Amino acid sequence: MDPEAFLDMANQVIKLKMFPYFDIAHSLLCALAVREDLGAGAQAFSRKHPLSCWLSTMLVIFSGAMVANGLLGEPILAPLKNTPQLIVGTLTWYFVFYSPFDIGYKVGKFLPVKIVASAMKEIYRAKKVYDGVTHAAKLYPNAYIIMIIIGTMKGNGAGFVKLLERLIRGAWTPTAMEFMQPTFYTKASLVASIIFVLDKKTDLISAPHALVYFGIVIFFVYFKLSSILLGIHDPFVPFENLFCALFLGGIWDSLAKLMGRGQPKE
Amino acid sequence: MDPEAFLDMANQVIKLKMFPYFDIAHSLLCALAVREDLGAGAQAFSRKHPLSCWLSTMLVIFSGAMVANGLLGEPILAPLKNTPQLIVGTLTWYFVFYSPFDIGYKVGKFLPVKIVASAMKEIYRAKKVYDGVTHAAKLYPNAYIIMIIIGTMKGNGAGFVKLLERLIRGAWTPTAMEFMQPTFYTKASLVASIIFVLDKKTDLISAPHALVYFGIVIFFVYFKLSSILLGIHDPFVPFENLFCALFLGGIWDSLAKLMGRGQPKE
Amino acid sequence: MDPEAFLDMANQVIKLKMFPYFDIAHSLLCALAVREDLGAGAQAFSRKHPLSCWLSTMLVIFSGAMVANGLLGEPILAPLKNTPQLIVGTLTWYFVFYSPFDIGYKVGKFLPVKIVASAMKEIYRAKKVYDGVTHAAKLYPNAYIIMIIIGTMKGNGAGFVKLLERLIRGAWTPTAMEFMQPTFYTKASLVASIIFVLDKKTDLISAPHALVYFGIVIFFVYFKLSSILLGIHDPFVPFENLFCALFLGGIWDSLAKLMGRGQPKE
């Protein structure tokens, strides 16, 4: 592929307008996720507790921005002032939960629809991570860790509000804490945040900014599609295992075991 | 009744001073609610954990303002800077929990006292809903949903902090989530918020503002008294059922059942 | 001791630089507390969930500032912008959890190290309480209760985030609420906050400010050391019992019992 054309394409991607199509895709997948999370009783629940159902879906849709605002001392409700986005979210929620003969849900679960929506959601995610890092960098120009945290939270907000979202629906699952077993989305958002921070704040990455952004988008979309189509769920696992063995005690623990002392109490 | 005099009265109500009598009534009912919530072990608990008891009562008394502040990015503790209100709250709490021979509790439970206090609390509630809507409208002039949420939260703050309030007392009841089974107060505050927003932001309501406000006050007081005296707990139920049948799947579900397909899995 | 020299020493203490030695002592004790809280499975947990382990340790280290910020409507993440402090915290965490042959943990548990670190942490605590009171006094010059709350929260932040800290590690213990059975640290911070408020806002305390501060430091250190060395855990208990008997129903309850009526239902 011609590098000139490639850079052009990257510049296109970076300027992509999100509203309304990407918002629809994002809201659709969020509503589907809430419905899946409710399990077999989802329809009965949506009839008995519509308010709780609507609120938890809105929380998931706006989770990234709300969590980031909460952590940065900005109004948690502020994301809701975007009325068009709120209407799109509500219509999608209605479509997934209450459409006659459950058409909405079936359409959403239809593989081609799901693939397109997922790809769009990943493009949106990359933008959110980037926006989060940029926003945090404006507030705290030297606090790399805050940029990374905000980028990660905006990228996978749904993971971090899972406990609260379920609590709104009256279910409490303290062991489902995202930090315990971070999902692939959290890890990918974390890596993307780190790359954006390096790109913004250091000279380590010499590629043009549009290319870095485009690379992250491709990385997100590629792994999402391979997760849906091929069932590869977490390409980070081998790196993590290596890191844990080297730095988080793995090797020393084995050594201690071999030497028959300093054995960790378990 | 003479319309002129009626409008005069409405104008009086809108300018009613809340401190101290309405604050006393509100605090009294809040402290009684905390004590009722503690059940049979209330007195023993208040002796063993006075700090936790005081804190949870204060949380209930200031709940509306604290929740609204938290959601709007304002200091959660700010309502406590109103020292006279805090002293009234503390004295009422002391009166209900620790007065000799339990006089405070018995006085608070005495029906005429309860009726007067409840009516005053409802007048206060109307003011809080109105203040909440006005405050949110100043911050986000076009975000109707934020105005409605803040109005509702200020109107029935105690409902939304129930989980936290109990947690301060060491009890955790995740299924008592207000959004699951909204109480009448939440629904009434919601309706009042919507009416205030319509009155403020549109031309749909042509009545003078004082009359609208007065109407809400009468509506709140009337239903509170009928709830205490006649046992009517939720006049919204028939409307909700109609709405659910029409829009939230009721009719379609029945149709699907009749046609023997598209049956919701339950 | 010469009063002049004593005042000189007090003035030295008030100007003591906290970074880095006091931060190291504080972080070390926080990491040890997290490890103790994890119990026998601590090492296995730190290998399986390093992210959750790191996050909960950072939450404990920065708890006071984060809780105070959250309550005052300031950014919760802001304390993390202090990069050197974050690095010290991370290194200490690594040292306690992952050092080869568990040296870090063993060093931290070694009595002389623990005594010195504890004494330093108490000096730090006094400074935090003072800073909290001062900060709140700037925001709300007349709200004594807010100053006291913020002082207490900054003094014993770890106690107030215990529930959240454990939740990050996937454990939920609603009955471990600090307000139910406040620890000595909470009570001491509360008393220190009240003294600082009196010193700042009234003329009741005529001693020079440096002496008041120094007195609090000595009080904190003295009781911490007597707790470690002599096992005296809570010198406040007799005063509390007296206060409860006089004001929180104790005497009246006994009287009611004697008179055989008004008996509290338990």
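Start by selecting Thr57(B) together with Cys53(B) in this predicted model, and look at how the side chain of Thr57(B) reaches the backbone oxygen of Cys53(B) at a distance of 2.7 Å. Thr57(B) belongs to helix H4 of chain B, which covers residues 50–61, so colouring that stretch will show where the residue sits. Is Thr57(B) buried or exposed? Its relative accessible area is 0%, and because buried means under 20%, Thr57(B) counts as buried. To see what surrounds it, add Ala31(B), Val34(B), Trp93(B) and Phe97(B) to the selection, since these are the residues that Thr57(B) contacts once neighbours within four places in sequence are left aside.

Stay in chain B and move on to a pair of rings. A pair of aromatic rings is described by the distance of the centres and the angle of the planes. Before looking at this chain, it helps to take an example from chain A, where Phe219(A) and Phe220(A) have ring centres 5.9 Å apart and planes at 40 degrees, so that the pair is tilted. The two members of that pair are placed unlike each other with respect to the surface, for Phe219(A) is partly exposed at 24% relative accessibility, whereas Phe220(A) is buried at 1%. Now return to chain B and select Phe196(B) and Tyr213(B), which form a tilted pair as well, with 6.0 Å from centre to centre and 40 degrees between the planes. This pair links distant parts of the chain, as Phe196(B) lies in helix H12 (residues 184–201) and Tyr213(B) in helix H13 (residues 209–230), 17 residues apart. Phe196(B) is buried, at 1% relative accessibility, and Tyr213(B) is buried too, at 3%.

Go back to chain A for a wider view of its rings. Which residues are linked by ring pairs into a cluster with Phe219(A) and Phe220(A)? Select Phe184(A), Tyr185(A), Tyr222(A), Phe223(A) and Phe236(A) alongside those two, and the whole cluster will be on the screen. Counted over all chains, the aromatic pairs come to 54.

Two other rings of chain A deserve a stop, this time for the charges placed over them. Select Arg35(A) and Tyr105(A), and you will find the charged end of Arg35(A) over the ring of Tyr105(A), 3.9 Å from the ring centre. Then select Lys128(A) and Tyr124(A), where the charged end of Lys128(A) sits over the ring of Tyr124(A), 4.5 Å from its centre.

The next stop is in chain C, at Lys187(C), a residue of helix H12 (residues 184–201) in that chain. Although it is a lysine, Lys187(C) is buried, with a relative accessible area of 13%. Its side chain makes a polar contact of 2.8 Å with the side chain of Glu240(C). Beyond the residues up to four places away in sequence, Lys187(C) touches Glu240(C) along with Pro182(C), Asp234(C) and Phe236(C).

Now zoom out until the chains can be seen together, and select chain A and chain B. How many residues of chain A are in contact with chain B? There are 30 of them, and they meet 31 residues of chain B. Between them these two chains bury about 2,800 Å², with 71% of that area on carbon and sulfur atoms. On the side of chain A, highlight Arg47(A), Leu77(A) and Phe101(A), which lose the most area to chain B and together make up 22% of what that side buries.

Shift the selection to chain B and chain C, where 30 residues of chain B are in contact with 31 residues of chain C. The area buried here is about 2,800 Å², of which carbon and sulfur atoms give 71%. Arg47(B), Leu77(B) and Phe101(B) supply 22% of the area that chain B buries against chain C, more than any other three residues.

Finish with the arrangement of the copies. Chain A can be laid on chain B by a turn of 120 degrees with a shift of 0.0 Å along the axis, giving an RMSD of 0.0 Å, and that is the relation of a three-fold axis. To find this axis from chain A, select Gly73(A), the residue of that chain that comes closest to it, with its C-alpha at 3.4 Å. A rotation of 120 degrees, again with 0.0 Å of shift along its axis, superposes chain B on chain C with an RMSD of 0.0 Å. In chain B, the C-alpha nearest the axis is that of Gly73(B), 3.4 Å away. Which surfaces do chain B and chain C use to meet? Only 7% of the interface residues of chain B are also interface residues in chain C, so these copies meet through different surfaces.

Definitions and conventions. Residues are numbered from 1 along each chain as its sequence is written. Chains are lettered from A and ligands numbered from 1 in the order in which they are written. This is a predicted model: local features need pLDDT of at least 70, side-chain atom pairs count only at pLDDT 80 or more; totals for chains, interfaces and linings use all residues. Side-chain values use heavy atoms; hydrogens and water are left out. Copies are superposed by least squares on the C-alpha atoms of residues with pLDDT of at least 70 in both. Helices (H or I, at least four residues) and strands (E, at least two) are DSSP runs, numbered from the N terminus. Buried means under 20% relative accessible area, exposed over 50%, partly exposed in between (1.4 Å probe, protein chains only). A polar contact is a pair of N or O atoms within 3.5 Å; within protein, one must be able to donate a hydrogen and the other to accept it, and residues adjacent in sequence count only if both atoms are side-chain atoms. Contact means heavy atoms within 4.5 Å. Rings of Phe, Tyr and Trp (its six-membered ring) pair if their centres lie within 6.5 Å; planes under 30 degrees apart count as stacked, over 60 as edge-to-face and the rest as tilted. A charge sits over a ring if NZ of Lys or CZ of Arg is within 6 Å of the ring centre and within 35 degrees of the ring normal. Buried area is the accessible area (1.4 Å probe) that two parts lose on being put together, summed over both.
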